[in-house]
Amino acid sequence: MPTQQSYADYSKIKFVIFTLSILTFIFAAIGGSIYYFKVRNSLLKETRQRCITTVDNVNQNISLFLRKYKLAVKTLSNLEEIKIFFINPSHNDLKKINYILDVFSTSFQTEACYLMDIQGNTIASSNRHTKHNFVGKKFFFSAIL
């Protein structure tokens, strides 16, 4: 038969087990929270680094793209035929200019390559035979690199 003393011991053991259970739960919750925030911060840092790398790569690609086309524009503007055409335009010179623009457009894999006068009028274009050609159009509002 259980005695009063054994009930008291049983209550103490029950209290100790209950207290240990609560402490285990609290420590597990704290450990889980710490783990969650460490993993979250690590993922955020990794994601930020990937974004920075991607932006840097895009920036380099855009810079390379612009350098490539600036070089083409400089090359075109330094051609003797282009200079002569702007000083004294003629029909024969226009044929040469159109050929040069065709070659540049093909070489640089562009949809069109064109020349504009100082007012922004397109005077020659590699897309002159297409439905949406630029010849005779004003593009003075466009940004020029």
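**Exercises: salt bridges, helices and a surface patch**

The side chains of Asp-102 and Arg-128 meet in a salt bridge, 2.6 Å from N to O. Keep in mind that this is a predicted model.

**Exercise 1.** Work out which parts of the chain the Asp-102 and Arg-128 pair ties together.

*Solution.* Start with the places: Asp-102 sits in helix α3, and Arg-128 in the segment after β2 (122–125). The pair therefore links parts that are 26 residues apart in sequence. Now for the surroundings: Asp-102 is partly exposed, at 24% relative accessible area, and Arg-128 is partly exposed too, at 23%.

**Exercise 2.** The structure has two salt bridges. Take the one between Arg-50 and Glu-46 and say where its partners lie.

*Solution.* The two side chains of Arg-50 and Glu-46 meet at 2.5 Å, N to O. Both residues belong to helix α1, four residues apart, or about one turn of the helix. Next, check the accessibility: exposed means over 50%, so Arg-50 at 55% is exposed. Glu-46 has 36% and counts as partly exposed.

**Exercise 3.** Describe how helix α2 packs with helix α3.

*Solution.* Look at residues 80–87 (α2) and 91–107 (α3): their axes are 10 Å apart, at an angle of about 140°. Over 145 would be roughly antiparallel, so α2 and α3 count as oblique to each other. Finally, the crossing of α2 past α3 is left-handed.

**Exercise 4.** Find Ile-34 and say which kind of surface patch it joins.

*Solution.* Ile-34 lies in helix α1 (residues 4–78). With 48% relative accessibility, Ile-34 is partly exposed. It joins a nonpolar patch whose members include Phe-15, Leu-20 and Ile-30, with about 1100 Å² of accessible area for the patch together.

Definitions and conventions:
Residues are numbered from 1 along each chain as its sequence is written. This is a predicted model: local features need pLDDT of at least 70, side-chain atom pairs count only at pLDDT 80 or more; totals for chains, interfaces and linings use all residues. Side-chain values use heavy atoms; hydrogens and water are left out. Patches are made of residues with over 30% relative accessible area and no salt bridge: like charges are joined within 9 Å, nonpolar side chains (Val, Leu, Ile, Met, Phe, Trp, Tyr) within 5 Å. Accessible areas come from the Shrake-Rupley method with a 1.4 Å probe; for residues, only the protein chains shown count as cover. A salt bridge is a side-chain nitrogen of Lys or Arg within 4 Å of a carboxyl oxygen of Asp or Glu. Helices (H or I, at least four residues) and strands (E, at least two) are DSSP runs, numbered from the N terminus. Buried means under 20% relative accessible area, exposed over 50%, partly exposed in between (1.4 Å probe, protein chains only). Axes are lines fitted to C-alpha atoms, for helices over the stretch in contact, and angles run from 0 to 180 degrees between N-to-C directions. Angles under 35 degrees count as roughly parallel, over 145 as roughly antiparallel, 65 to 115 as roughly perpendicular and the rest as oblique. A crossing is left-handed if the near helix is turned anticlockwise from the far one by less than a right angle, and right-handed if clockwise.
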